[in-house]
Amino acid sequence: MQTDVRPETMKRITTPELAQAFIQEQVEAIRKQVGDGKVLLALSGGVDSSVVAALLIRAIGKNLVCVHVNHGLLRKGEPEQVVKVFRDEMDANLIYVDAVDRFLDKLAGVADPETKRKIIGKEFIDVFADEAKKLTGIKFLAQGTIYPDILESKDGVKAHHNVGGMPEDLKFELVEPVKLLYKDEVRVVGKELGLPDNMVYRQPFPGPGLGVRCVGAITRDRLEALREADAILREEFAAAGLEGKVWQYFTVVPDFKSTGIKDGKRTFEWPVILRAVNSVDATSATIEEIPYALLHKITDRILSEVKGVNRVLYDLSPKPVATIEWE
Ligand code: XMP
């Protein structure tokens with residue numbers, strides 16, 4: 001097992017050559033640790049779990065079992081991309097779990113943000129544990145723990161285990177190949193492993209996903225409006241060359257309506273709030289000064305393409321006083 005302390009002599013991985021050397025070293029270390037054993041991984045499609053998956057696929061192929069839980073709170077196209085990249089292109093052993101109804105039924109009528117987070121977290125563990133129990137002979141659990149997680153858990157800021165709280169009867173030995181790396185190094189390694197740019201340079205996305213952006217009690221129609229508006233925002237940012245340049249950008253749909261007019265008739269529909277912030281470590285954030293022409297284009301598209309929406313607003317509040325997410 002690796003230690004939890006990054007050696008002072010360890011060079012920052014900034015070049016393809018250093019990434020290749022790291023990949024080779026980890027492939028050997030993984031093979032040594034797991035032998036011909038099977039390894040389980042919760043694959044969200046985020047940078048860290050994707051890089052761990054790609055490393056393990058290279059090291060042990062089909063002895064890695066990836067479980068992708070679609071909880072219905074992912075962005076448009078994300079579950080499809082996980083299947084395309086890992087099952088179709090990397091030939092991974094991937095179990096896709098459609099848990100959309102399970103999550104949304106549990107969340108129905110729940111408006112309190114922290115209760116929503118708890119339900120999503122607990123349900124995720126339950127779904128993952130259910131899948132793990134169906135599989136036999138798995139001794140290892142891979143996790144996308146990175147070095148800041150270890151440092152923060154030492155400081156008592158947060159528990160670092162991504163799949164913490166697994167039931168007692170499911171005991172695994174951990175495989176954490178990127179646990180001594182910083183985020184920028186994980187990205188360099190991911191690029192060398194052949195992962196697509198929009199996976200490697202992906203903006204931060206909260207574990208509870210769109211759940212904390214569909215303010216208040218989540219309904220399927222409002223969640224759908226949120227997902228479509230978010231996809232338009234991302235498309236337009238990419239077209240304007242802002243992808244990878246702005247730290248985090250997304251839409252929020254609050255649980256209230258306002259009056260509008262469409263085709264000469266009164267409407268009563270939701271607003272979409274746009275948010276685009278820059279940050280270094282998410283403890284504070286400033287507002288991205290989006291060009292007005294781009295704001296107008298995004299607004300026009302949302303108003304004409306997204307069902308149930310009659311207003312678009314831009315959130316100008318930095319952190320502090322606001323937080324980045326609305327919940
Ligand atoms: P806030 O809203 O606190 O967010 O300014 C700071 C950063 O953390 C992300 N965030 C979360 N990430 N689970 C996560 O994994 C969460 O519950 C959560 N809440 C916020 C947020 O997207 C931002 O990058």
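**Helices, domains and a ligand shell**

I will begin with helix α2, which is mostly covered, since 13 of its 14 residues are buried. Please keep in mind throughout that what we are looking at is a predicted model. The helix α2 runs over residues 47-60, and from its first C-alpha to its last it reaches 20 Å, close to the 20 Å expected at 1.5 Å a residue. Just after α2 comes G61, which takes a positive phi of about 55 degrees.

Let me turn now to α5, residues 113-134, where the same kind of length check can be made. With 22 residues at 1.5 Å a residue, α5 should span 32 Å, and because its end C-alpha atoms are indeed 32 Å apart, the expectation and the model agree.

Which residues of α5 are buried? They are K116, I120, F124, F128 and A132, and these residues cover an arc of only 135 degrees around the axis, which puts them on the same side of α5. The spacing along the chain fits this picture, because an α-helix has 3.6 residues a turn, so residues three or four places apart point the same way. On the other side of α5 we find E114, T115, K122, K133 and K134, and these are exposed. As for what lies over the buried residues of α5, the cover includes the strands β1 (38-42), β2 (64-70) and β4 (138-142), together with the helix α4.

That brings me to the domains, because α4 and α5 appear again there. The domain assignment of the protein gives domain 1 as 16-200 and domain 2 as 209-314, and the C-alpha centres of domain 1 and domain 2 lie 28 Å apart. The contact takes 13 residues from domain 1 and 12 residues from domain 2. On the side of domain 1 that touches domain 2, the elements giving two or more residues are α4 (100-107) and α5 (113-134), and of these α5 gives the most, with three residues. By character, the residues on that side of domain 1 divide into eight nonpolar, two polar and three charged.

Finally, the ligand. What surrounds the ligand? The shell consists of R117, P204, P206, G207, P208, V212, Q248, A282, K319, T323, I324 and E325, and by character these residues divide into six nonpolar, three polar and three charged.

Notes:
Residues are numbered from 1 along each chain as its sequence is written. This is a predicted model: local features need pLDDT of at least 70, side-chain atom pairs count only at pLDDT 80 or more; totals for chains, interfaces and linings use all residues. A residue is near a molecule or strand if its C-beta atom, placed from the backbone, lies within 6 Å of it. Ala, Val, Leu, Ile, Met, Phe, Trp, Tyr, Cys and Pro count as nonpolar, Asp, Glu, Lys and Arg as charged, and the others, Gly among them, as polar. Domain bounds come from an automatic or database domain assignment. Two residues are in contact if their C-beta atoms, placed from the backbone, lie within 7 Å. Helices (H or I, at least four residues) and strands (E, at least two) are DSSP runs, numbered from the N terminus. The expected span of a helix is 1.5 Å times one less than its number of residues. A residue is buried if 20 or more other C-beta atoms lie within 10 Å of its own, exposed if 12 or fewer, and partly exposed in between; C-beta atoms are placed from the backbone. The arc is that of the directions from the helix axis to the C-beta atoms.
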